[in-house]
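Colleague: I would like to learn how to read a protein model feature by feature, with the general idea given before each case. Could we begin with the aromatic rings?

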Amino acid sequence: MGAARHHRLLRLLLLLAAAVWGPCFSGGLPSPQRRWPVPYRRFDYRPKSDPYCQARYTFCPTGSAIPVMKEEDVIEVYRLQAPVWEFKYGDLLGHLKIMHDAVGFKSSLTGKNYTMEWYELFQLGNCTFPHLRPGMDAPFWCNQGAACFYEGIDDAHWKENGTLVLVTTISGTMFNEMAKWVKYDNETGIYYETWTVQASPDKQSVVWFDSYECSKFILRTYQKLADLGAVFRKIQTNYTSIILFSGEPIYLGNETSIFGSLGNKTLAAAIRDFYYPFKPHRTVGGFFVDLFKIIDRVILNHQFYLFYNLEYWFLPMKYPYLKIIYEEVPLPTGSKTSFGV
């Protein structure tokens, strides 16, 4: 096994270890859809989160409403990026290129700065793996994500190990139109999806599922601004994706069809058994025992159960199983007339 393969395996083990330490089914129902990637599902409204779901770090503690800007205002837009959990671990996850993205704004009329980002309500582990609660047959998910807008830009946080760079300038009118879009986007796109799933590492590979996380919100925001007429600077912009590699996914069903009174008991047990090793651990010994179970299931037996759009899918995993990439996604271009900028 070459050095590169050793490095990829190390990344996989580190990610699985983080998932475990933090918070066999060979067939399935015929897939009701063959459109790849599976479209991300939007909802009519955002439901209240269950009190069982608790965040170690409060979501959006200094959040505020998005202000209405004067039409003649000229607002600078900044690309913000820093390692995930940089506030606690510094640049540790930056070495693995696991980055968090946000966007900053500066009003020329008021001089005020603002930050806008989209992230998990109850931390990444809860969005990636469920809780197995006593007395409940179905896995219990705390996987909502949402937008957070607040006054100020923490220059030190974004600059020290990441990026704070001007990408475009917009008018107050464009900003206000963007704010309306953010409200819609935030009320209809409510569930965090950690994984991108694709057939192979090739550039032209089939993508089975797209992630829905912080970077995707920033990309949608940039595209909305471009649609409104923003002209972006020509700079390189890279983003993190965590990719699972599998053969064609097999649709299994939703919570009711699998775990309900008329559900598939064998499949239900297999899904619960798969997620069990990802529970939080109190001892180092228990952590390593479950880590080896995960490696056995995902790598040696090529099995992964994915929860996406409130439905379960079976992924027939294949080499290289998982990869963290940090690749360029160019800034968008817009064709509409600029709103006075």
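Modeller: Rings of Phe, Tyr and Trp (its six-membered ring) are paired if their centres lie within 6.5 Å, and a pair is called stacked when the planes are under 30 degrees apart, edge-to-face when they are over 60, and tilted for the rest. Here, ring pairs join F129, W141, W195, F259, F274, Y275, F278, F304, Y305, F307, Y312 and F314 into one cluster. Please keep in mind that this is a predicted model, in which local features need pLDDT of at least 70 and side-chain atom pairs count only at pLDDT 80 or more, while totals for chains, interfaces and linings use all residues. Residues are numbered from 1 along each chain as its sequence is written, and side-chain values use heavy atoms, with hydrogens and water left out.

Colleague: How many aromatic pairs does this rule give, and what is the geometry of the pair formed by F59 and Y119?

Modeller: The rule gives 30 aromatic pairs. In one of them, F59 and Y119 are tilted, with 4.7 Å from centre to centre and 45° between the planes. Helices (H or I, at least four residues) and strands (E, at least two) are DSSP runs numbered from the N terminus. F59 sits in the loop between α1 (3-21) and β1 (74-83), whereas Y119 belongs to strand β3 (residues 113-120), so this pair ties together parts that are 60 residues apart in sequence.

Colleague: Are F59 and Y119 buried or exposed, or something in between?

Modeller: A residue is buried under 20% relative accessible area, exposed over 50%, and partly exposed in between, using a 1.4 Å probe and protein chains only. F59 has 21% relative accessibility and therefore counts as partly exposed, while Y119, at 17%, counts as buried. For a second pair, take W141 and F307: their ring centres are 4.5 Å apart and their planes are at 10°, so the pair is stacked. W141 lies in the loop between α3 and β4 (145-151) and F307 in strand β10, so this pair ties together parts 166 residues apart in sequence. Both W141 and F307 are buried.

Colleague: How does one look for empty space, and which residues are closest to the centre of the largest cavity?

Modeller: Rolling a probe the size of a water molecule over the atoms shows where empty space is left. On a 1 Å grid over the protein atoms alone, a cavity is a set of points where a 1.4 Å probe fits but cannot get out, a pocket is an open set with protein on both sides within 12 Å along at least five of seven lines, and lining residues have an atom within 4 Å of a point. The largest cavity holds about 80 Å³ of space. It is lined by 14 residues, and those closest to its centre are C127, T128, W141, W195 and F307. Strand β10 gives the largest share of this lining, four residues, and α3 (123-128) and β10 (303-308) each supply at least two.

Colleague: Where does Y119 appear again, now that we turn to the second largest pocket?

Modeller: Y119 is among the residues nearest the centre of that pocket, together with W85, F87, H100 and E117, and 34 residues line it. Its volume is about 820 Å³. W85 has a further feature, a positive phi of about 55° although it is not a glycine. This residue is found in the loop between β1 and α2 (86-89) and is partly exposed, with a relative accessible area of 31%.

Colleague: Which other residue has a positive phi without being a glycine, and where are cis peptide bonds found?

Modeller: L310 has a phi near 65°, and its place is in the loop between β10 and β11. One cis peptide bond joins W36 and P37, with omega about -5°, and P37 lies in the loop between α1 and β1. Another joins Y319 and P320, with omega about 5°, and P320 is in strand β11 (residues 311-328).

Colleague: Finally, what does S215 touch?

Modeller: Contact means heavy atoms within 4.5 Å. Not counting residues up to four places away in sequence, S215 touches D101, Y239 and T240. S215 is in helix α6 (residues 214-227) and is buried, with a relative accessible area of 2%. Its C-alpha atom is separated by 7.6 Å from that of A102, although S215 and A102 are 113 residues apart along the chain.

Conventions
Points joined across faces, edges and corners; volume = space filled by probe spheres on them.
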